[in-house]
Each structure stands twice: as structure tokens, then as C-alpha cells.
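The following exercises introduce a structure to a reader who has not seen it before. Each task is followed by a solution in steps.

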Amino acid sequence: MAGREQFEEDLNYIKQDILELSDIAVNALRKAADALYNQDKALASEVIDKDRAVDKQEHTIKDQAILLIAKQQPVATDLRRIVISLQITTDIERMADNAKNIAKSTLHLGEDHRLTIHPRIKEMRDMAVSMNKTAMRAFQYEDVSIAGKLSDMDDKVDHLYETIIHDLLNETATNPEKIQYVMQMAFSARYIERFADHITNIGESIIYLVKGESYKLN
């Protein structure tokens, strides 16, 4: 196989591994939010335990990328594609960490706490999932027009976050005994907001890959 064909094949393997890692992170977010709403400590513990697999796959992808650089010694756009792949992998690992932290909030609250989980946390989760789908499509096709859509989507997540925090502050004022609940709700909303921020980072990386210039989506 010619050097160029081998490079493209190896890079495609890395890309597929990144897409799979992204699916794992999103599934972790889905399960973490479900565990929070259902007071499911077992599911929350599963999310926490499986985060080790995310870390392991992150290291595998990075090792593959470093090996590809060593073998092919790419320059210009080819090198940029590998470097961007490494950056995206790091952002996805951080996304999974945020999902894990939501699961930890579920454990802090415990079972049978008889508290109502803020409904807009689920809206934030769903928007973050949709953002990730958009980001991965932009990554797969190296499409800046798709990546650009992430800015408005992230604004919606930020608005939901601000609404939740406003409601929680009111809750604290009228029910000070619920401070532990309020803290865990605020943390969970913040973790989803950060999850979405890492997705916008991915969008910015894609724009840099294609255009060779920095652009802020967040």
C-alpha cells in the first residue's frame, strides 16, 4: 500500500475510534441524567465505573496518533488533522468526566430523597446530546457550516443553565433546609453546561482544521 493510502487508512481508524468514544461519553451523560431523575444509585455507580474505559480509550487513541506521526512524519494539513484529533479526544474525555460528576451528585443525594429534580436539567441534557451529534457530523465530514451551528445551540444550553440557577436561588431563599439538594442540582446543571462547552471546543477545532484560523463559538 502506498504511503499516502496507508496514512489515510490509519487516520480513518483514529477518526472512527473518536466517534466511538463520543458515543460512550454521550451514553454516560444520558445514563447519569436518568440516574439523577430516578434516584438510581446503581446506574450512577455504573457510569462512574465505566469512566475508566473512557480514559483507557483516550490513551489508546493518543498512542495511535503519536505512532502515526512517528511513522509518516506528516506536515502541514496532515499534521494539523492529527493534532486536532488529539484535541477532540481530550475534549470528549472531559465530557465523560462531567457525566461522571453528575452520577456522583446522584450518590450524594442518595435514594428516597423525595425531592423533585429540576425538569430543565433533562432539557439541557437533550440539547447537549443534540450538540454532540452535530459536532460529530461536522468532524466526520470536516464541515465548517455544520460546526457553526453549535454556537446557537450552546447559547440555548447557557440560557437553560441560567434559568435553573435562578430557580435554585429562589428555592434556597424559601427553603434553606434544602441547601444540599440545591447544591447538587446546581452542580449537575453546571456539569452539563461544561459538557456542552467542550462540544463547542470540538466545533472550534474543526473550523481551525479546515480554515487554519481560530474562531470562537462559545
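**Exercise 1: Helix α2**

Compare the span of helix α2 with its expected span.

Solution. Helix α2 covers residues 41-72, which is 32 residues. From first C-alpha to last, α2 reaches 47 Å, close to the 46 Å expected at 1.5 Å a residue. The expected span is 1.5 Å times one less than the number of residues. Helices are DSSP runs (H or I, at least four residues), numbered from the N terminus. The model is predicted: local features need pLDDT of at least 70, side-chain atom pairs count only at pLDDT 80 or more, and totals for chains, interfaces and linings use all residues. Residues are numbered from 1 along each chain as its sequence is written, and side-chain values use heavy atoms, leaving out hydrogens and water.

**Exercise 2: The buried residues of α2**

Which helices do the buried residues of α2 pack against?

Solution. Buried means under 20% relative accessible area, exposed over 50%, and partly exposed in between (1.4 Å probe, protein chains only). Among the buried residues of α2 are L43, V47, D51 and I61. The buried residues of α2 pack against α1 (3-38) and α3 (76-109). Just after α2, Q73 takes a positive phi of about 45 degrees.

**Exercise 3: Two residues in other helices**

Is T134 buried or exposed?

Solution. T134 is found in helix α4 (residues 119-141). T134 counts as buried because its relative accessible area is 7%. Leaving aside neighbours within four places in sequence, T134 is in contact (heavy atoms within 4.5 Å) with I146, K149, L150 and M153.

How does I179 in helix α7 (residues 179-211) count? I179 counts as partly exposed because its relative accessibility is 42%.

Technical notes: Helices (H or I, at least four residues) and strands (E, at least two) are DSSP runs, numbered from the N terminus.
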